[in-house]
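These are my notes from a session spent looking through a single protein model. I wanted to know how far to trust it before reading any detail from it.

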Amino acid sequence: MTMRILFVCLGNICRSPSAEGVFATLAADLDVELDSAGTSDWHVGEPPYDPMQKAARARGYDLSRLRARQFSAVDFDRFDLIIGMDADNLARIEALRPAGSDTTVAVFTDYAPEAGYDHVPDPYYTRDFDQTLDLVEQASRGLIATLSGQTEPQLQ
Ligand code: 4NP
């Protein structure tokens with residue numbers, strides 16, 4: 001059965017489109033449907049931030065066709081798993097949860113406990129786009145392991 005996964009951050013131009021693009025590549029063998037969204041409407045319709053795209057392209061991930069959109073309550077029905085990048089994302093996602101919805105919401109770093117982060121730092125502010133990609137790659141491998149039913153928490 002297709003697993004529908006939505007990645008969410010604040011602007012939908014750095015972390016969540018990177019998560020979508022990286023996960024799509026690393027999980028190419030899994031039956032998944034992917035999208036990303038922002039809790040804000042600040043960049044709706046825009047492609048991912050240029051420095052983010054460049055850093056991703058250097059690792060073989062093409063984010064150029066993605067466009068930002070805003071997260072909304074209907075996403076709880078459209079997706080099986082909603083993954084935020086930090087606690088603020090999670091609070092804003094949960095604030096829109098429809099009554100009776102039991103859709104799982106998680107922080108992406110939960111899937112990379114070995115990395116030692118409780119959130120994916122926002123490269124729009126840190127300017128460390130490679131740190132974002134390192135964490136996103138680690139968490140993607142952890143999520144793939146979880147979805148594949150492996151007992152090991154990570155693939156290396
Ligand atoms: P993101 O990063 O949430 O990872 O897409 C940001 C992008 C833009 C802004 C903030 C965070 N902004 O303030 O425009």
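**Confidence.** I began with the weak stretch of this predicted model: over residues 151-156 the pLDDT stays under 50, and for that stretch I found 11 contacts beyond four places in sequence. Where pLDDT is low, the predicted coordinates should not be read in detail. I therefore leave those contacts as a count and do not interpret them, given that pLDDT is the predictor's confidence in each residue. For the protein as a whole, I noted an average pLDDT of 96, with 96% of the residues scoring at least 70.

**Fold.** Next I looked up the secondary structure, which comes to six helices and four strands, and I followed their order along the sequence as β-α-β-α-α-β-α-β-α-α. When I took the contacts between residues at least 6 apart in sequence, 68% of them turned out to join residues at least 24 apart.

**Dimensions.** I then asked what radius of gyration the protein has. The value is 14 Å, and because a compact globule of 156 residues would have one near 15 Å, the two agree. Along the principal axes, the C-alpha trace spans about 40 × 40 × 25 Å.

**Surface and charge.** I recorded an accessible surface of about 7600 Å², of which 49% belongs to carbon and sulfur atoms, while buried residues make up 47% of the 156 residues. Counting charged side chains, I have 13 positive and 25 negative, and the centres of these two sets lie 6 Å apart.

**Backbone at Asn12.** I turned to residues with a positive phi that are not glycines, and one of them is Asn12, with a phi of about 60°. I placed Asn12 in the loop between β1 (3-9) and α1 (15-26). Is Asn12 buried or exposed? Its relative accessible area is 2%, and since buried means under 20%, Asn12 is buried.

**Backbone at Arg127.** I also looked up Arg127, which is not a glycine either and has a positive phi of about 65°. Arg127 sits in the loop between α5 (123-126) and α6 (129-147). Its relative accessibility is 42%, so Arg127 counts as partly exposed, that class lying between the 20% and 50% cut-offs.

**Side by side.** To close the page, I set the two loop residues together: Asn12, after β1 and before α1, is buried, whereas Arg127, between α5 and α6, is partly exposed.

Note on methods
Residues are numbered from 1 along each chain as its sequence is written. This is a predicted model: local features need pLDDT of at least 70, side-chain atom pairs count only at pLDDT 80 or more; totals for chains, interfaces and linings use all residues. Side-chain values use heavy atoms; hydrogens and water are left out. pLDDT is the predictor's confidence in each residue, from 0 to 100. Contact means heavy atoms within 4.5 Å. The radius of gyration is taken over C-alpha atoms; the globule rule is 2.2 Å times the number of residues to the power 0.38. Buried means under 20% relative accessible area, exposed over 50%, partly exposed in between (1.4 Å probe, protein chains only). Accessible areas come from the Shrake-Rupley method with a 1.4 Å probe; for residues, only the protein chains shown count as cover. Lys and Arg count as positive and Asp and Glu as negative; His and the chain ends are not counted. The place of a charge is taken as NZ of Lys, CZ of Arg, CG of Asp or CD of Glu.
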